2 protein chains.
Amino acid sequence: MTYQDVLSALANPTRRLLLESLRNQPQTVGELSSDQAVSRPAVSQHLKVLKQAGLVTNESKGTRRIYSTSAEGLIALRRYLDDYWSDALEAYGTEINRRQTK
Amino acid sequence: MTYQDVLSALANPTRRLLLESLRNQPQTVGELSSDQAVSRPAVSQHLKVLKQAGLVTNESKGTRRIYSTSAEGLIALRRYLDDYWSDALEAYGTEINRRQTK
DNA sequence: GCTTACCGTAAGCTATGACTTACCAAGATG
DNA sequence: CATCTTGGTAAGTCATAGCTTACGGTAAGC
C-alpha cells in the first residue's frame with residue numbers, strides 16, 4: 001500500500017466511480033456492478049486494486065462481500081503531496097486551513 | 001487540465017521523478033534527460049503530459065525550453081480530494097492544520 | 001441434498017501507454 | 001552561410017491495463 005498504488009488506482013475513472021459510490025454507503029459487489037457500465041468480474045478486479053491501494057476494505061457476510069471505503073490510501077497520498085509538494089501548495093494550504101477552522 | 005489529467009500524470013514513476021527533479025530548480029529538456037534512465041524524446045513526451053496536467057510550465061530561451069513546476073495541477077488534485085474525501089480525511093486534516101499553524 | 005445466488009479467478013482479446021529510432025525545424029556558433 | 005545544438009514529433013514495437021466470457025467454490029434457500 002504505497003502512494004504509487006493509490007495514484008494508479010485513482011487514475012482510473014471506473015475505480016473512482018466505484019469509490020464515490022461506496023462513499024454513500026457500503027455495498028456488495030452485486031450492488032456496485034448493477035449501477036456500473038462494466039461487468040461484475042470487472043468490478044471485482046477493480047475492487048482488488050482499490051483494496052491493494054488501501055482505498056477500500058471488505059467483510060464477508062455469507063457469500064456476500066460488503067465493501068466500504070478506507071482512509072488509509074488517501075492518507076498515504078496526502079502524505080506524499082505534503083512531503084513533496086507542500087511548498088507549491090502553501091497558498092492553497094491556507095485555504096484548507098480556513099476551511100478546517102470554521 | 002482536470003484532476004483526471006493530474007492523477008494519470010502522477011501515476012507514472014518517471015514523470016514523478018521528472019517533477020521531483022524540477023522541484024529543485026528549473027531545467028532544460030537536455031538537463032532533465034541526462035539524469036534520467038529514459039531517452040530525451042521520452043522525456044519530451046512526459047513533459048507534454050505534465051504540462052497538459054498543469055504540473056509544469058515552460059518558457060523558450062533560444063532553442064532551449066526551460067521547464068519549471070506549476071502548482072495548478074496540484075491544486076486541482078487537492079480540490080478533488082477535499083471535495084470528495086474531506087470526511088474520510090478529517091482526522092488527517094487536523095494534522096495538516098497543526099502543521100500549517102506552526 | 002439440489003438448486004440458486006454471490007463473487008473471485010482464469011484465459012483470452014484489444015486498446016493504449018511507455019519506450020525506441022529516425023527525422024525535422026529553429027536558433028546558436030564559428 | 002555552414003554546421004552544430006536543442007528539442008518536438010512521427011512511426012513502430014512491446015508490455016500491460018481493462019475488459020469480456022467461462023468456470024468453480026461456497027453459502028443460502030427450499
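**Notebook: two chains, two DNA strands**

I started with a pair that links the chains: B:Asp82 and A:Arg78 join their side chains in a salt bridge, 2.7 Å from N to O. The bridge runs between chains, with B:Asp82 sitting in helix 5 of chain B and A:Arg78 in helix 5 (residues 72-85) of chain A. I then searched the whole structure and got 2 salt bridges over all chains. A reminder to myself: this is a predicted model.

**Entry: DNA strand C**

Next I looked up what lies around DNA strand C and found 23 residues, the closest being A:Gly30, A:Arg40, A:Ser44, B:Ser39 and B:His46. On the DNA side, sugar and phosphate make up 65% of the strand C atoms that come within 4 Å of the protein.

Which side chains have a polar atom by a base oxygen of DNA strand C? I noted A:Arg40 at 2.9 Å, and B:Gln45 at 3.1 Å. For the backbone of the DNA, I noted an N or O atom in the side chain of A:Thr63 at 3.2 Å from a sugar or linking oxygen of strand C.

I also checked which elements build this surface. Chain A gives at least two residues from each of helix 3 (29-34), helix 4 (40-52) and strand 3 (64-69), and chain B does so from helix 2 (13-24) and helix 4 (40-52). Helix 4 of chain A has the largest share, with 5 residues. By class I get 6 nonpolar, 12 polar and 5 charged residues near strand C.

**Entry: DNA strand D**

On to the other strand. Around DNA strand D there are 23 residues, and A:Asn12, A:Ser39, A:His46, B:Gly30 and B:Ser44 come nearest. Sugar or phosphate holds 64% of the strand D atoms within 4 Å of the protein, with bases holding the rest.

I found a polar side-chain atom of B:Arg40 at 3.0 Å from a base oxygen of strand D, while a side-chain N or O atom of A:Gln45 is 3.1 Å from a base oxygen of that strand. The side chain of B:Ser44 has an N or O atom 2.3 Å from a phosphate oxygen of strand D.

Here helix 4 of chain B brings the largest share of the surface, 5 residues. The classes are 6 nonpolar, 12 polar and 5 charged.

**Entry: a helix pair in chain B**

Last, I looked at helix 1 (residues 3-10) and helix 5 (residues 72-85) of chain B, whose axes come within 8 Å and cross at roughly 105°. The two helices are therefore roughly perpendicular. From helix 1 of chain B the contact uses B:Tyr3, B:Val6, B:Leu7 and B:Leu10, and from helix 5 of chain B it uses B:Gly73, B:Leu74, B:Ala76, B:Leu77 and B:Tyr80. I count this contact as 8 nonpolar, 1 polar and no charged residues.

Note on methods:
Residues numbered from 1 in each chain as written. Chains lettered and ligands numbered in written order. Predicted model: local features only at pLDDT ≥ 70, side-chain atom pairs only at ≥ 80, totals over all residues. Heavy atoms only, no water. Near = heavy atom within 4 Å. Polar contact = N/O pair within 3.5 Å; in protein donor to acceptor, adjacent residues only side chain to side chain. Helix = DSSP H or I, 4+ residues; strand = E, 2+ residues; numbered from the N terminus. Nonpolar A, V, L, I, M, F, W, Y, C, P; charged D, E, K, R; others polar. Axes fitted to C-alpha atoms, helices over the stretch in contact; angles between N-to-C directions. Parallel < 35°, antiparallel > 145°, perpendicular 65-115°, else oblique. Contact = heavy atoms within 4.5 Å. Salt bridge = Lys/Arg side-chain N within 4 Å of Asp/Glu carboxyl O.
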